[in-house]
Number of protein chains: 2
Amino acid sequence: MNRARFRDKAVLVTGGLGFIGSNLALRLLREGARVTVVDALVEGCGGNSYNLVEAVGAIRLIAADIGDSVAMAEALAGQQLIFNLAGEISHTNSVRFPERDLDLNARSHLRFLESCRRWAPQARIVYASSRQIYGTPQYLPVDERHPIQPSDFNGVHKFAAETYHRLFAAIHGLETVSLRLTNVYGPRQALHLPWQGFITTFVARALRGESLRVFGDGTQLRDMLYVDDAVEAFLRAALAPLPGRAHWLVCNVGGPRPLSLTEIARTIAGADVTHVPFPETSRLIDIGSYYADDRLLRSWTGWAPRVEFTEGIARTLAFYRDHAAIYLPQAADTADRLAARAHAVH
Amino acid sequence: MNRARFRDKAVLVTGGLGFIGSNLALRLLREGARVTVVDALVEGCGGNSYNLVEAVGAIRLIAADIGDSVAMAEALAGQQLIFNLAGEISHTNSVRFPERDLDLNARSHLRFLESCRRWAPQARIVYASSRQIYGTPQYLPVDERHPIQPSDFNGVHKFAAETYHRLFAAIHGLETVSLRLTNVYGPRQALHLPWQGFITTFVARALRGESLRVFGDGTQLRDMLYVDDAVEAFLRAALAPLPGRAHWLVCNVGGPRPLSLTEIARTIAGADVTHVPFPETSRLIDIGSYYADDRLLRSWTGWAPRVEFTEGIARTLAFYRDHAAIYLPQAADTADRLAARAHAVH
């Protein structure tokens, strides 16, 4: 990939204060792009102003919902590439508040695409879809032809939004790519949000010196993708010529290799791992093993994940240790509580 | 099927003033059920008070949106079976007003299922899904394992609602069946709505004595299902024990045999059929040939379509001729305009 192609490009990143969005925005800035970030900082969606603290003044920030047509008219004018990563990220939240998930993950995208069609019809859009749309894998590795049978409302709405992107290409001539991401981890992920997934729970517990609890036997497989590799997939998907005469493409994005949850836990915490029974709320939305067949993306763009889990998790833990006061508020809480208890006893 | 099992059953039909809903409600009434109909008569959705004129006083009618939680508390109390047929029916409308389609076909169903869970958790729900969720068939006949790749927003939202029904079964323990209906035709369909599909256009033109226009070469196949056969599928799906330990099932519902659009047109209008080029708006959402593999429904319930197209269309045309003043307002309009023109000339 010729990175010079991002120099002076006008690019928009929605959800750009979130985990993957902020890493992507910072990378685009380093590549010389003129970066605008849209983020509504919706409670629980993982947005964090601190994620872009090192780029204050260098990135234009618009605090708005992507479904806000007036704000998007301003945000989209002149954009050449659009990275659409806004959305609700908690699968468990989606079971408790499915209508909120519908608004954030489907309706807002429908409105956003109408705005794109009006204000930036030439800009390619790369959408952050999710492995969640497949539900429980019926075979492994999972390719793009795997049946769509989401096991939670989040998956339903991610698939609706992904299909909106396809339809705005097929019907209205926009150019859209959807990346069905596997589990992504790394710096700037919101560790303090409950039920976001096992990886944030593992990392947060390890940083607090607590033992990791693996639900069930821990043999379920996941292909963990380091965020820098995910960002690279977005960049390549933004530039590669679309195959054939299609206006759209859908690609899986997987990690370097499948690892069991137990292996993942041990890599993070060494021997300090215990196995506990599956809580009911998690069991209901558990999908067993997942890892992606992402040969389509590899052959289309030359992309491949570079960062092994051992290396990625080391970088991740180092980042959070350096920024514990920001990303681990519960660590401070716990310390305060321990201090208070110590005072009470002594 | 033991029809006596509907006697004195409390049943709810949503969208019960619409095409299939009203035929279903009338049939349930004949089977001795205590029928409540919910219909919001949303403009363009095919609801028509006249559809139930013969049952005034015998069917309880609640004029409300299925997403109205307060009205649904009353509508759902004590129901033993729920037939959920409410929704936007125009695929072309869904392209022009996708957010309206999202509200009517997805959001309302999410709210309705929450109401069902609260007020009638024991009642089986039979949902009217659609072949539209498959998009352009990748093989024929189309079975339930066919990829989900809707070619319009209507299909996206029908699939979302179908998946809501599955998730409310899997997560919350409701019992749900979704019937993916092929093209249905027959009495009480709203002929006056634009762009609802070719069959209403064909029937309306034939009734007005206009020649039928087939887009393209007319070789695309469809398995046309007479509404009485569709109603029978709903009744059987409401009573048959679910296989295995699942709380949900999804079944295709097809017609007796595939017919080409040209055959369909000639059966309706004899030789008075012309071929015209595909209009752009229709071409964009055309899906080629479709006919269903519905062996799952047949083996599960013993259902099979009984009414051949020749017979069904004869009954359909006879019904509309008997009720032209109600169902063919454009016939009156056209007559008025012709009369006015005659006055102007003479």
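1. In this predicted model, strand β1 (residues 10–14) of chain B and strand β2 (residues 34–38) of chain B run parallel and are joined by five bridges. Within this pairing, B:Val11 has B:Val35 as its bridge partner in β2(B). The two strands, together with helix α1 (residues 19–30) of chain B, make a β-α-β unit that is right-handed.

2. On the β4 side, β1(B) pairs with strand β4 (residues 81–84) of chain B, again in the parallel sense, over four bridges. B:Val11 takes part here too, with B:Leu81 as its bridge partner in β4(B). The strand β1(B) is largely enclosed by the rest of the structure, because four of its five residues are buried. For burial, the cut-off is 20 or more other C-beta atoms within 10 Å of the residue's own.

3. These pairings belong to an open sheet of seven strands in chain B, ordered β3-β2-β1-β4-β5-β6-β11 and paired in parallel. At the edges stand β3 (60–62) and β11 (248–253) of chain B, each of which pairs on one side only. On average, neighbouring strands of the sheet are turned by 20 degrees against each other, with direction ignored. As general background, the strands of a sheet pair through backbone hydrogen bonds, in either a parallel or an antiparallel arrangement.

4. At the β11 edge of the chain B sheet, strand β6 (residues 176–181) of chain B pairs with β11(B) over six bridges, in the parallel sense. One of the bridge partners can be named: B:Val177 is matched with B:Leu249 in β11(B).

5. Chain A likewise has an open sheet of seven strands, with parallel pairing and the order β3-β2-β1-β4-β5-β6-β11. Its edge strands are β3 (60–62) and β11 (248–253) of chain A, each pairing on one side only. From one strand to the next, the twist averages 20 degrees. Strand β6 (residues 176–181) of chain A runs parallel to β11(A), and six bridges join them. In this pairing, A:Asn252 in β11(A) stands opposite A:Arg180.

6. Helix α7 (residues 227–239) of chain A lies across four strands of chain A, namely β4 (81–84), β5 (124–130), β6 and β11. Relative to β6(A), the helix α7(A) runs at about 160 degrees.

7. How many of the ten residues of helix α6 (residues 198–207) of chain A are buried? Seven are, and the helix is thus mostly covered. The buried residues of α6(A) are A:Phe198, A:Ile199, A:Thr200, A:Phe202, A:Val203, A:Ala204 and A:Ala206. They pack against β7 (184–185), β8 (212–215), α8 (261–269) and α11 (309–322) of chain A. In an α-helix there are 3.6 residues a turn, so residues three or four places apart point the same way. After α6(A) comes A:Gly209, which has a positive phi near 75 degrees.

8. Between the chains, 20 residues of chain B are in contact with 20 residues of chain A. On the side of chain B that touches chain A, α4 (98–119) and α5 (153–172) of chain B each supply at least two residues. The largest share of that side comes from α5(B), with seven residues. By type, the residues of the side of chain B that touches chain A comprise 15 nonpolar, one polar and four charged.

Notes
Residues numbered from 1 in each chain as written. Chains lettered and ligands numbered in written order. Predicted model: local features only at pLDDT ≥ 70, side-chain atom pairs only at ≥ 80, totals over all residues. Pairing = 2+ DSSP bridges. Axes fitted to C-alpha atoms, helices over the stretch in contact; angles between N-to-C directions. Buried ≥ 20, exposed ≤ 12 C-beta atoms within 10 Å, placed from the backbone. Contact = placed C-beta atoms within 7 Å. Right-handed = clockwise from strand over helix to strand, strands pointing away. Nonpolar A, V, L, I, M, F, W, Y, C, P; charged D, E, K, R; others polar.
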